[in-house]
Amino acid sequence: NLGSLYFVKLKMKTTLIRRKPACRRGRALLILILIVILAVFLRLWQIGLVPPSPDWDEAALGYNTYSIMLTGKDEYGKMLPVVLQSFDDYKPALYAYLIIPFIKIFDLSIISVRLPSILFGIISVITVFFLVNLVFGVKEVRMSSRKISSETIALTSAFLFAISPWHIQFSRVGFEAQVGLSLDLLAITFFFLSLKKKWFLILSVVFAVLSIYVYQSEKLYIPLLFAVLLIIYGKNLLSYPRKILVLSFMTGLILILPMMFYVTTNPNALLRAKGVSIFAYETKMSKESSRRLDLARSRGDTLGQILDNRRITYARQTTAAYLSHFEPNWLFLRGDGPRHQAPYMGLLYVFEIPLILIGIYGVAFLNFSRKSKFFIFSYLLIAPIPAAITIDVPHAVRTLHFLPAFQIFAAFGLLMAFALIENRVRIKIVR
């Protein structure tokens, strides 16, 4: 009868609706696995030969790690150091400890030194997928006449991140900055997860503090990052159980204490930071500023005394250094020299220029929450700040935090471009 037929039809329709999301999730998982396989290949292929020889930092890390593994002391005889003196650059020691399991398995070799960077590079590709899903928090986005699922945006971001020459370069070399970036991404991801399940905040704090034990710039970048998160999501945090907030704070405090103790008791702990800082007394800028100021005073030039004041000079220099990291020639063509980039290209692909611009427009005007937009733009804008107060700018290592934001914008741009092209083709066919 008609009632039975209607019931069967309704049941079939309900089953199809239930299977469609499950099918889509299964397809997304398969594509993510393929992207990870590609990321693994690009980061492991001929890893002992390309780059062809150990970087001096890799040599120092390998030597100190081997010494710690055998004796518990670094090359200077410091027991279980929090910071490695190395070439008097006093680098945080966590990367060295991450190398130990690989030396035990593969013996002391350049491959063992590079494997932590490779492993965390692969982890960061996966993390970007989950992070994009969490940050924007929508199931679908309307682009032109099409609806694009959040999984598609996340997969495209992960794919562009996996093939990024900037990320591949630092994933194939034993650079602590790359591990720091991966820990930052994990910290942000668990922070957004904590908006749904509060106890994830503890893990977010753990990864954030660990990044400070990996790379120098993290000492400034992590406070900036969490300041942004607090400004945007502070009201959300007020709804967290007090126990979770206290436990997160105490966990972070306990973990950071060894680094704080080292920095406050060792006069050379920040020697590297002071050496590359624009505020260092011996920098050319400081000498030139003093010379121009003395000249202005001798001439009675009031305006010159104001403009050549050391504080104004530092402010101008810092602003110029900050803006230099957005220079298209540096990002897409010239790059940062052979040690910090793939040969014969910039840090980002040239074809990403229009995609990033379209993506920035899309993120600004598509139907996302204000908090999501505020976060992703803030994430992009704070990335160059640690490098802006140093010499030798623009600097690809100190601004590696840039990369996820660029790839997310490029992913939006790519999907929006496809949607617009498809819409125009459809219109022509209909006409």
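Let me start with Leu 80, which counts as exposed because its relative accessibility is 53%, where exposed means over 50% relative accessible area, buried under 20%, and partly exposed in between, with a 1.4 Å probe and protein chains only. Leu 80 is in the loop between H2 and strand E1 (83–84), and the names follow DSSP runs numbered from the N terminus, helices being H or I runs of at least four residues and strands E runs of at least two. Although Leu 80 is not a glycine, it has a positive phi of about 40°.

Before going on, I should say that this is a predicted model, in which local features need pLDDT of at least 70 and side-chain atom pairs count only at pLDDT 80 or more, while totals for chains, interfaces and linings use all residues. Residues are numbered from 1 along each chain as its sequence is written, and side-chain values use heavy atoms, with hydrogens and water left out.

Staying with the backbone, most residues other than glycine have a negative phi, and most peptide bonds are trans. Asp 107, in the loop between helix H3 (94–106) and H4, is a further residue other than glycine with a positive phi, here near 70°. The peptide bond from Val 50 to Pro 51 is cis, with omega near -5°, and Pro 51 belongs to the loop between helix H1 (2–44) and helix H2 (56–71).

For the chain as a whole, the secondary structure comes to 19 helices and four strands, and buried residues make up 49% of the 431 residues. The exposed area is about 22,400 Å², of which carbon and sulfur atoms supply 69%, the areas coming from the Shrake-Rupley method with a 1.4 Å probe, and only the protein chains shown counting as cover for residues. Of the contacts (heavy atoms within 4.5 Å) between residues at least 6 apart in sequence, 72% join residues at least 24 apart. As an example of separation in sequence, Gly 137 and Ser 372 are 235 residues apart along the chain, with their C-alpha atoms 8.1 Å apart in space. Gly 137 is in the loop between H4 and strand E3 (140–143), and it counts as exposed because its relative accessibility is 60%.

Now to two buried positions. Lys 91, found in strand E2 (residues 91–92), counts as buried because its relative accessibility is 5%. Leaving out residues up to four places away in sequence, the residues that Lys 91 touches include Asp 57, Glu 176 and Gln 216. Ser 117, in helix H4 (residues 110–136), is likewise buried, with a relative accessibility of 0%, and its contacts beyond four places in sequence include Tyr 95, Phe 170, Phe 175 and Gln 178.

Next, the helices themselves, beginning with H5 (residues 150–162), whose 13 residues reach 18 Å from first C-alpha to last, close to the 18 Å expected, where the expected span is 1.5 Å times one less than the number of residues. H5 is mostly covered, with eleven of its 13 residues buried, among them Glu 151, Leu 155 and Phe 161. H7 has 19 residues and reaches 27 Å, close to the 27 Å expected; because 18 of those 19 residues are buried, H7 is largely enclosed by the rest of the structure.

What does helix H9 (residues 218–238) span between its end C-alpha atoms? It spans only 26 Å, whereas a straight helix of 21 residues would span 30 Å. H9 also bends by about 65° at Ile 232, the bend being the angle between axes fitted to the seven residues ending there and the seven starting there. Ile 232 is itself one of the buried residues of H9, as are Glu 218, Phe 226 and Leu 237, and what covers them includes helix H7 (176–194), helix H10 (242–265) and H17.

That brings me to the packing of helix H16 (residues 352–365) against helix H17 (residues 370–382), at an angle of about 150° and with axes 9 Å apart. The axes are lines fitted to C-alpha atoms, for helices over the stretch in contact, and angles run from 0 to 180 degrees between N-to-C directions. Ile 360, Val 363, Ala 364 and Phe 365 in H16 meet Lys 373, Ile 376 and Phe 377 in H17. These residues divide into six nonpolar, no polar and one charged, with Ala, Val, Leu, Ile, Met, Phe, Trp, Tyr, Cys and Pro counted as nonpolar, Asp, Glu, Lys and Arg as charged, and the others, Gly among them, as polar.
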